[in-house]
Amino acid sequence: MSNLDAKATIPALIWWGQIVDDTVWKGNLPATKWEASSEIPGWGTRYKVRILGRDTETKDVPDDQLEWAECSFPVTAGSGHGGSYQTSNLRKGAFVFGFYKDGTNMSEPFILGCLGNNEQTKLSQSIPLKGFIPFSAYIKEPVSVNDIPPEGSAEPKNGPDPLEGAQAQNQKTFSDDVEKGDGNKETYLTVPTDCDKLQLGAIQVEIKKLIQDIQEFKKRSNSWKYTILKPISEEGKEYSIDEYIQYKVQNVSKWISGKVKNIITDVQQFTTNTINNTAKDFYYTLFPNQRPGLKAAIETANDLLACLFRKIIANLLKMVTDFLLAIVDRFINAPLCAIENIIGALLGKLTGLITSAVNALLAPLNALLGVFDIAGDIIDFVVDLLSFLSCEETPECPGVTGWTPWQGATKFNVGSSISDLTDKVKTFASNVEQSIDPDNFDFNLDFSDIFDNICNVDALFCGPPTVEFYGGGGSDAAGNAIISATGDILGVDLTSSGFGYQSAPFVRFVDACGKGQGAVGRSIINSSGQVVRVIMENPGFGYLLSANGDRGGDGRVWASANETTVKRNDGTYDRPYIPGETFEVEPGDQVYSGGVTTIIKEPQTITAPPLDQDSIRRGTEPTTGNGEYPIFLELDSIFIDSPGINYNCEVDKITITPNNGAVLSYECDNLGSLSKVNVVKPGIGFTEYPNIEIETESGYNAKLLPVFKVNRVDEKDVVIPQDQIISIVDCVGKF
């Protein structure tokens, strides 16, 4: 019998068990990338498993003393040889099964697979004292900020019985239907940074999504299938349309409240420390018979301050909800300038409330210490919290502050100014401080004045994308996107090269209405720190050449060109009305239809008219005149994005389709990789993105990108056929 045959006689005993608390096995896995294998904390993919029948349910053997169970993988996952591998996806609480590779010794368990979780099983919300009891994998995991109430008590996202099975992932909901109706809806991930301690970009994203969700619900509410009593199902609960809107507002309110609560808590600590330190300085200057009175006054002030801040934090969720309800029907878009205004108003009003109350509470101390006013100090402290002035060194602000699956790396708060926010905080704080009586205040702050002098939050006309440059350490680079007749982006006509770039800035194509998708550009800078060109790695698709009459913003269409919209005299918007729908209007309401706005003079009933597409006003042009200028494209160079390998440079032919008269040649190194591509003839009049290929039987993986020279027709003494001319809309800072 061979050794293999002898080993085959060893019984491979089958077992099943439960993966225990990950605090005893997570350390085996590398948390970050490593340079040397000696830096890996453990070895292999291993878990601590309590095995039924061998390990007792009473945990006589503690979790950390259980044996390690290694993982096996299917043949499709690879073994790690040659870079072929997949990772395991197991979590604590999972029930797994396998075999003992050491047979009857039963000390070297191997995991073969796992058992699917039953979504109806009640999961324990703490690590059970006994083994083999189902428990949630979310225990001790970081809870989403959306689920942290301002009181600070963390609750699991799915309530007391989180669903962690496949059924919970695939359950059809009303929200899924909304997503289906808006294929461009994006998931945003924001990156915290010391340059934006409040994360205005993240708040902006949450408010944008809230506004769009509510608008979508209202727009769909005229459909019979959404007017039944409880049409919306989410996280095991049924909601009506109105209830769901309240639910969405509450979720965002909790998230923003958590951000604001951190600032309020810091203000409380600062205020208490300031009062106590000031009193300490005076304490030993008083006569001995005066000191008990000061001590009692300080204790009373501290008690009253603690009570005040408890009340503010307890009412914070309500105040944030009130301010969100004040804006969701008035905003079609949520630009950063508007977010700065409303967050500045919220923080300013809260700061004003605090300073008013503090001044009143300190009145008894004034009799002992003289005039004791720290209102200005509190406001300055809040301003410092919002900026990075308190840092010993100014942090290096990152160029990327977020990520989306559609656009990749991006910057959500392009153009934001911390000084604008802090100025608003000071203004609103001073106004509230003068008007609030802290002894007779019910925490119902008035947010009506946040709409005074606010920037444009109305619908925008859908049109060509704007080009944004960010990161790289410089500023002021600008340009217009060159759009083909089929809606892809051929390049960027630079109108300003900018200055001071230390590295190539990121390029972002911002389509206000989300018509176009997928365009990816790469900027090139010169030795002087200026952007000299943009290379299109992917031209994308679906971008508009000019305004088409639709209106929207923030990446979606709010109202199509043939829909009628109403802005009420109180600043709120109705959902758009399709042709044939009737609605009531009152004096002061504004009705927009087909590009014309009518201000209503008397109460009446209006029927949304059918609109002739040819008569619809497409949108206000972004610049004076018609905002367009003609250009023609000439092939300037070929950028080698990937040189490939194994090409036969003497035989393989390079082609460009369409060529528009362009002729190319190329050079290779001794490995058959492309080292240079020559433009023998440039060709002119490109109106679509060409495909550059090498006809080969041996080479592979070369990627070549065209780079165009932009020529303005009115600046060239040359006759260009009309079908080779592209009209560019000047969108720089206008659309």
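Where is the place of asparagine 646? Asparagine 646 sits in the loop between E25 and E26, and we'll come back to that stretch a little later. First, some ground rules. What you're looking at is a predicted model, in which local features need pLDDT of at least 70 and side-chain atom pairs count only at pLDDT 80 or more, while totals for chains, interfaces and linings use all residues. Residues are numbered from 1 along each chain as its sequence is written, and side-chain values use heavy atoms, with hydrogens and water left out. The E labels are strands: helices (H or I, at least four residues) and strands (E, at least two) are DSSP runs, numbered from the N terminus.

Let's begin with the barrel. Here 5 strands close up in the order E1-E2-E3-E5-E4, with mixed pairing; two strands count as paired if DSSP finds at least two bridges between them. Neighbouring strands of this sheet are turned by 55° against each other on average, direction ignored. Such angles are taken between axes, which are lines fitted to C-alpha atoms (for helices over the stretch in contact), and they run from 0 to 180 degrees between N-to-C directions. Strands of a sheet pair through backbone hydrogen bonds, either parallel or antiparallel. E4 and strand E5 (residues 109-114) go antiparallel, joined by 5 bridges.

Phenylalanine 97 is a handy landmark here. It belongs to strand E4 (residues 95-100) and stands opposite glycine 113 in E5. With 30% relative accessibility, phenylalanine 97 counts as partly exposed; the scale is buried for under 20% relative accessible area, exposed for over 50%, and partly exposed in between (1.4 Å probe, protein chains only). Phe97 also joins Trp16, Leu52, Leu112 and Leu115 in a nonpolar surface patch, with about 440 Å² of accessible area together. Patches are made of residues with over 30% relative accessible area and no salt bridge, with like charges joined within 9 Å and nonpolar side chains (Val, Leu, Ile, Met, Phe, Trp, Tyr) within 5 Å. A salt bridge means a side-chain nitrogen of Lys or Arg within 4 Å of a carboxyl oxygen of Asp or Glu. The areas come from the Shrake-Rupley method with a 1.4 Å probe, and for residues only the protein chains shown count as cover.

Now for the cysteines. A search of the whole structure turns up 2 disulfides, a disulfide being a pair of cysteine sulfur atoms within 2.5 Å. One of them joins cysteine 462 and cysteine 513, with the sulfur atoms 2.0 Å apart. Cysteine 462 is in the loop between strand E11 (460-461) and strand E12 (466-470), and cysteine 513 is in the loop between strand E15 (506-510) and strand E16 (520-525), so the bond ties together parts that are 51 residues apart in sequence. The link is left-handed, with -85° about the S-S bond. Cysteine 462 is buried at 1% relative accessible area, and cysteine 513 is buried at 2%.

Cysteine 649 and cysteine 668 form a disulfide too, with their sulfur atoms 1.6 Å apart. It links distant parts of the chain: cysteine 649 is in the loop between strand E25 (628-645) and strand E26 (653-657), and cysteine 668 is in strand E27 (residues 663-668), 19 residues apart. The torsion about the S-S bond is about -115°, so this disulfide is left-handed. Cysteine 649 is partly exposed at 28%, and cysteine 668 is partly exposed at 23%. As for cysteine 71, its sulfur is 9.4 Å from the closest cysteine sulfur, in cysteine 114, which is too far for a bond.

Back to asparagine 646. Its phi is near 70°, a positive value in a residue other than glycine, and at 42% relative accessibility asparagine 646 is partly exposed. Further along, the peptide bond from threonine 657 to proline 658 is cis, with omega near -10°; proline 658 is in the loop between E26 and E27. E27 then pairs antiparallel with strand E28 (residues 674-681) over 6 bridges, and cysteine 668 has leucine 674 as its bridge partner in E28. The hairpin of E27 and E28 has 5 residues between the strands, and there glycine 672 takes a positive phi near 80°.
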